[in-house]
2 protein chains.
Amino acid sequence: MASSDPNPPLSPPPLRRRGARMRSAVLAATVRVLTEHGLAGTTVGAVARAAGVHETSVYRGWGTRENLILEALAEQVDTAMPVPDTGHVRDDLVAYFVTLARLLATTQGEALLRLSAERDDTLPDRRLSYWAERLERGAVMVRRGVERGELAPDTDPGLVIEAISGALFTRALISGAPLDEDLAARLVTLVLGGACPPPSGRS
Amino acid sequence: MASSDPNPPLSPPPLRRRGARMRSAVLAATVRVLTEHGLAGTTVGAVARAAGVHETSVYRGWGTRENLILEALAEQVDTAMPVPDTGHVRDDLVAYFVTLARLLATTQGEALLRLSAERDDTLPDRRLSYWAERLERGAVMVRRGVERGELAPDTDPGLVIEAISGALFTRALISGAPLDEDLAARLVTLVLGGACPPPSGRS
């Protein structure tokens, strides 16, 4: 609503700013509740209490509990997983996927996988675009490797990311096999170098 | 218990035979109920009714609903996914993983993944050994490729299987991306050949 303040605003108007502040507070509270109480304990009510806002504000902003948690985790995971740019595709991928393997062992990482595996109401669409964006973030490293001539020109960047991350996700969520410290590096070596023997003396 | 029948038994004694017959009937009923009613509808009660046995017999034989479903699906999936042996590692892997990709799109395949992702009481241990056995089944194809000299001697057979299957599992359970008809073949090509460019004229 227009205020009677005669000065032109130099910063966003109070309501807008309050909206942005509420958004950050709710997302931060979501991650906090998730870390302390796990996925099952992360209800809209618990998050609203932790953020000091009304439940209705949370529903108005995010619609469902699932959308709220997915958005909170998306922000957190992207911050925790910057895309490296060392100039070498192998180093970039190893650094990135070692971080992912560690993240998958945390409450937030596990919650992200579990939430994505749950299937209900409004979630499927958000989930699909969420993972498409994450795949694209990873593919950037592969694409740079192709441009530098480190990888074959017909490399499918998304497929490289899926082969490496899929094995990590599967251990974390499905098979329960341990996420060994060297697993990410071994996967990167396999997917970049392949299992076929070198035709001549390729190391 | 010893019977008073004077003839030596030519087939397993009645009680044993009845046990084996009950086991098959219950496992078949489990798959049937799962296909018709999905994972949530597959209760011990529903399976017992479909198999015409008492619920207590099911609990006595399998302990939990999760163990029952995992065993039923294990038998079904192994039957649906014979391990090919064409003499060529690439052909074996493509055939095997095309079948897996198709299976993951069925009610049973999805139930198997979902059940493995659920974590409770007695399940984790069974799940770990279940997936370790499945991984070993697949690794046999890779090991034969190494023995024939098609793959490098230091190839990690399990890792090859995890890189290919992990991408398929992730699409089916986590990202929701489609399991395209050619996805399995593209993954096999990537993991066997690698993304690095051929040093000379390797095609």
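**Note on helix α9, the chain A–chain B contact and selected side-chain pairs**

1. Helix α9(A) is mostly covered, eight of its eleven residues being buried. The model is a predicted one, and the points below should be read with that in mind. The buried residues of α9(A) are A:Leu183, A:Ala184, A:Leu187, A:Val188, A:Leu190, A:Val191, A:Leu192 and A:Gly193. Their cover comes from both chains, and includes α5 (89-104) and α8 of chain A as well as α8 (157-175) and α9 (183-193) of chain B. After α9(A) comes A:Gly194, which has a positive phi, near 80°.

2. The contact between the two chains draws on 44 residues from chain A and 44 residues from chain B. About 3,700 Å² is buried between chain A and chain B, and carbon and sulfur atoms give 61% of that area. Of the area that chain A buries against chain B, 17% is supplied by A:Leu159, A:Ile174 and A:Ala195, more than by any other three residues.

3. Between chain A and chain B there are 16 residue pairs in polar contact, counting pairs with both residues at pLDDT 80 or more. On the side of chain A that touches chain B, α6 (107-117), α7 (123-147), α8 (157-175) and α9 (183-193) of chain A each supply at least two residues, and α8(A) gives the most, with 13 residues. Sorted by class, this side of chain A has 24 nonpolar, nine polar and eleven charged residues.

4. Four salt bridges are counted between chain A and chain B. In one of them, the side chains of A:Arg186 and B:Asp156 meet at 2.5 Å, N to O; this pair crosses between the chains, from helix α9 of chain A to the loop between α7 (123-147) and α8 of chain B. A:Arg186 counts as partly exposed at 27% relative accessibility, and B:Asp156 likewise counts as partly exposed, at 31%. A salt bridge is also formed by B:Arg186 with A:Asp156, where the closest N and O atoms are 2.5 Å apart.

5. Over all chains the count comes to 32 salt bridges. Within chain A, A:Glu75 forms a salt bridge with A:Arg23, the closest N and O atoms being 3.0 Å apart, and this pair links distant parts of the chain, with A:Glu75 in helix α4 (residues 65-80), A:Arg23 in helix α1 (residues 14-41) and their positions 52 residues apart. A:Glu75 counts as partly exposed, at 41% relative accessibility, and A:Arg23 is partly exposed at 33%.

6. Which residue meets A:Arg102 in a salt bridge? The partner is A:Glu181, at 2.8 Å, N to O. A:Glu181 lies in the loop between α8 and α9 of chain A and A:Arg102 in helix α5 of chain A, so the salt bridge ties together parts that are 79 residues apart in sequence. A:Glu181 counts as exposed, because its relative accessibility is 56% and the cut-off for exposed is over 50%.

7. Six aromatic pairs are counted over all chains. A:Tyr96 and A:Phe97 form an edge-to-face pair, at 5.3 Å centre to centre and 90° between the planes, and both residues are buried. The rings of A:Trp131 and A:Phe169 have centres 5.3 Å apart and planes at 75°, so this pair too is edge-to-face. Since A:Trp131 lies in helix α7 of chain A and A:Phe169 in helix α8 of chain A, the pair ties together parts 38 residues apart in sequence. A:Trp131 is buried at a relative accessible area of 10%, as is A:Phe169 at 5% relative accessibility. Ring pairs link A:Tyr130, A:Trp131 and A:Phe169 into a cluster.

8. In helix α7 of chain A lies A:Arg144. Is this residue buried or exposed? A:Arg144 counts as buried, because its relative accessibility is 19% and the cut-off for buried is under 20%. Beyond its neighbours within four places in sequence, A:Arg144 is in contact with A:Val83, A:Pro84, A:Asp85 and A:Asp92.

9. In chain B, B:Gly38 is found in helix α1 (residues 14-41), and B:Thr42 in the loop between α1 and α2 (44-51). The backbone oxygen of B:Gly38 lies 2.7 Å from a polar atom of the B:Thr42 side chain. B:Thr42 is buried, with a relative accessible area of 1%, and its contacts, leaving aside neighbours within four places in sequence, are B:Thr30, B:Val33, B:Leu34, B:Val47, B:Arg65 and B:Ile69. With the same neighbours left aside, B:Gly38 is in contact with B:Val33 and B:Thr107; the C-alpha atoms of B:Gly38 and B:Thr107 are separated by 6.8 Å, although the two residues are 69 residues apart along the chain.

Conventions. Residues are numbered from 1 along each chain as its sequence is written. Chains are lettered from A and ligands numbered from 1 in the order in which they are written. This is a predicted model: local features need pLDDT of at least 70, side-chain atom pairs count only at pLDDT 80 or more; totals for chains, interfaces and linings use all residues. Side-chain values use heavy atoms; hydrogens and water are left out. Contact means heavy atoms within 4.5 Å. Buried area is the accessible area (1.4 Å probe) that two parts lose on being put together, summed over both. A polar contact is a pair of N or O atoms within 3.5 Å; within protein, one must be able to donate a hydrogen and the other to accept it, and residues adjacent in sequence count only if both atoms are side-chain atoms. Helices (H or I, at least four residues) and strands (E, at least two) are DSSP runs, numbered from the N terminus. Ala, Val, Leu, Ile, Met, Phe, Trp, Tyr, Cys and Pro count as nonpolar, Asp, Glu, Lys and Arg as charged, and the others, Gly among them, as polar. Rings of Phe, Tyr and Trp (its six-membered ring) pair if their centres lie within 6.5 Å; planes under 30 degrees apart count as stacked, over 60 as edge-to-face and the rest as tilted. Buried means under 20% relative accessible area, exposed over 50%, partly exposed in between (1.4 Å probe, protein chains only).
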